[in-house]
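Student: I would like to learn how to read helix geometry from a model. Could we work through one example together?

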Amino acid sequence: MNLDFDTKVFEKEKIRIGDMDEYVVRGGRHLFPLLPKAFEGIKQIGVLGRSSQGPAQAQNLRDSLAGTDIKVKVGLRANSASIPHAEAVGFTQANGTLGEMFDVIAESDLVLLLIADGAQAQNYKEILAAIRPGATLGLSHGFLLGYLKSIGETFPPDINVIAVCPKGMGPSVRRLYEQGKEVNGAGINSSFAIDQDINGQATDYALGWSVALGSPWTFQTTLESEYKSDIFGERGILLGAVHGIVESLYRWFISHGQSREEAFTNSVESITGPISQMISKNGILAVYESLDAEGQETFRRTYSAAYHPAFEILMEIYTEVASGNEIRSVIEGNNRNKRYPMGKIDGTEMWQVGVDVRAHRQPDQTPINPVTAGIYIATMMAQVDLLKEHGHPYSEIANESIIEAVDSLNPYMHYKGVAYMIDNCSTTARLGARKWAARFDYILSQQAFTALDQNAQVDEELVENFMTNNIHQVLATCAEMRPSVDIALVG
């Protein structure tokens, strides 16, 4: 993968990451005056969809482009239930910033397709037909490319196709942007990709879009690499794996004599609280180094027991994503949901215990449990190593497997619970998390915890590979790119 690009508007910076050079663009509000130049030839940006990303991106773009002659207009279906929500934040038909979806597509120079993945697959023919030749299609997820590849179709050749993919859910994109009004550099990092460039301006369009969203750093990928790592990551450590991990840990701790409250604290609270916070600020190794000698030995045994079972499931997930099977599964899942909508997952004993634990939380007393740390970090490292095997760039690996988890998703999990987080993600993410969480739960219960109970020994070579893995240097470099403030969780 060629990790270099040309921009006529923004300054790119070379960083040494792992054993590779990559180029990034540093964002900030001081760059907003450059946006009209970046968007040269664009008079209207149409933002389609009011799910996770749509509301945040429409508002951020509108605010960043205030005072220019570039209009941001939201496109929704006629009689959409989201119309009142759009109007509540200032997008109205009266002021010309709200319209019917296909009308907005036809009149926009840059069309940001942020509707649900299932709706993209269902309506792609009409959507692509409505885009004017010479216009630009913008995506924040490579799902549509993956779907088109799976059915043997392609994008129209007479449009630009670009992507800007924030490494966090929509509410994080908006919340950190608002915090950035006070602290420049607050925001969610984004990757960008150029799939088709018919006029030589696609790169600057994408970089302008990312800067306008408030991304403090923007790094390059390809649309294919993005959808593989993103869909895979949701099913892995970001959502599916962490769900399966905490469910299995909760039962294991109870089976070893802990109360329900202690089990929840040592599983869920430990991961979403001190473990995530330490990784975010000090790196993965800092978690291990924070443990006493007995805790380090427990971590090493647990890591040895969990790494290969986790890697096995992650291999299967990646193959299913790369082959198109997982995308087809999402389409079928959407069809099933018309008859059987997804129910909530937070009604079981574990998650009800969590409500009480969070209500009486004493943050300074939440431990870094060495078993929990060993299971969680082994799964995270297995995901990192698998993505490396498949040639993904280090910046993408670090963001999709670590930074998005500890800086965007896990803080929300800590705020209201893992179950709440999963139930409030995109349909694609929810379907994947529910499908694969059980697989992680099952294999860890079958293999990792059984090995621990049988006092399995440390795999010294495996642990040494963890200690010397170059992801630690990568993460140290990427840590310089984390948001300048922690996300403020309110509401």
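Student: At which residue does helix 11 bend, and by about how many degrees?

Tutor: This is a predicted model, in which local features need pLDDT of at least 70, side-chain atom pairs count only at pLDDT 80 or more, and totals for chains, interfaces and linings use all residues. Residues are numbered from 1 along each chain as its sequence is written, and side-chain values use heavy atoms, with hydrogens and water left out. A bend at a residue is the angle between axes fitted to the seven residues ending there and the seven starting there; helix 11 bends by about 65° at Ser270, with a proline, Pro274, following within four residues. Helices are DSSP runs (H or I, at least four residues), numbered from the N terminus.

Student: How is the packing of two helices described?

Tutor: Two packed helices are described by the angle between their axes and the distance between the axes. Axes are lines fitted to C-alpha atoms, for helices over the stretch in contact, and angles run from 0 to 180 degrees between N-to-C directions. Here helix 10 (residues 240-255) and helix 11 (residues 260-282) cross at roughly 150°, their axes coming within 8 Å, and they are therefore roughly antiparallel to each other (an angle over 145 degrees).

Student: Which residues of helix 9 and helix 14 make the contact?

Tutor: Helix 9 (residues 223-235) and helix 14 (residues 325-337) pack at an angle of about 65°, with axes 11 Å apart. Contact (heavy atoms within 4.5 Å) is made by Tyr227, Ile231 and Arg235 of helix 9 with Glu326, Ile327 and Val330 of helix 14.

Student: Where is a positive phi found just after helix 11?

Tutor: Gly283, just after helix 11, takes a positive phi of about 100°.

Methods. Helices (H or I, at least four residues) and strands (E, at least two) are DSSP runs, numbered from the N terminus. Angles under 35 degrees count as roughly parallel, over 145 as roughly antiparallel, 65 to 115 as roughly perpendicular and the rest as oblique.
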